[in-house]
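Biologist: Could you take me through this model step by step, explaining each term as we meet it?

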Amino acid sequence: MIWLFLLFLTVPLLEIALFISIGQAIGLMPTLATVILTAIVGTWLVRSQGLSELGKLRNSLAGSGDPLNSIAHGAMILVAGLLLLTPGFFTDGVGFLLLVPAVRVLVTRAIATRIQESAVFVSTSPGESRTGNGSDDIIDAEYDVIHESDVRDDGPSRTGGRGN
């Protein structure tokens, strides 16, 4: 949680410092024009790449393919759009980086590796947990046996098709 606090503290401070430095170097009007131009170019790039990823997602769903990459790329394009619409040079830099497909592939791989390395917590009893890979886990469950004579044929019901 501390990293979130640091992120919300350092990014605005960095943006302010960059605005002051760049404003002193090139002047106020060119600085503002640059911010507006990056928002316009970023919006156009986000739109075109977003539509491209949407097409890839549709193709993967229609062909029974794996839509996970398209969803991940689409999410990163959305984040890039948010960053590019936020006034600032640091956020624009990160936003433009996320619009590079090779960078998105690297980010996706890093996230996938992090997810695979994280431990799985399996509840063994109330208040108790352990880690494991699921290969030797015992799952305790309750079930109801439904006989054909118990099922009424009057359509779906709130009890999942069982008789009342």
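Modeller: Let us start with one residue, Gln49, whose place is in helix H2, where a helix is a DSSP run of H or I with at least four residues, numbered from the N terminus. This is a predicted model, in which local features need pLDDT of at least 70 and side-chain atom pairs count only at pLDDT 80 or more, while totals for chains, interfaces and linings use all residues. Residues are numbered from 1 along each chain as its sequence is written, and side-chain values use heavy atoms, with hydrogens and water left out.

Biologist: Is Gln49 buried or exposed?

Modeller: The term buried means under 20% relative accessible area, exposed means over 50%, and partly exposed lies in between, using a 1.4 Å probe and protein chains only. Gln49 has a relative accessible area of 18%, so this residue is buried.

Biologist: Which residues does Gln49 touch, not counting residues up to four places away in sequence?

Modeller: Contact here means heavy atoms within 4.5 Å. With residues up to four places away in sequence left out, the partners of Gln49 are Ile77, Leu99 and Arg104.

Biologist: Which residue forms a salt bridge with Glu53?

Modeller: A salt bridge is a side-chain nitrogen of Lys or Arg within 4 Å of a carboxyl oxygen of Asp or Glu, and a search of the whole structure finds one. Glu53 is buried, at 7% relative accessible area, whereas its partner is partly exposed, at 46%. The two are three residues apart in helix H2, so about one helical turn separates them. The closest N and O atoms are 3.4 Å apart, and the partner is Lys56.

Biologist: How are H2 and H4 oriented to each other?

Modeller: Axes are lines fitted to C-alpha atoms, for helices over the stretch in contact, and angles run from 0 to 180 degrees between N-to-C directions. Helix H2 (residues 28-62) and helix H4 (residues 89-98) pack at about 25°, with their axes 11 Å apart. Angles under 35 degrees count as roughly parallel, over 145 as roughly antiparallel, 65 to 115 as roughly perpendicular and the rest as oblique. H2 and H4 are therefore roughly parallel.

Biologist: And how are H1 and H2 oriented to each other?

Modeller: The axes of helix H1 (residues 2-26) and H2 come within 7 Å and cross at roughly 125°. Residues that meet there include Phe19 and Ile22 in H1, and Leu28 and Pro30 in H2. By the angle classes given above, H1 and H2 are therefore oblique.
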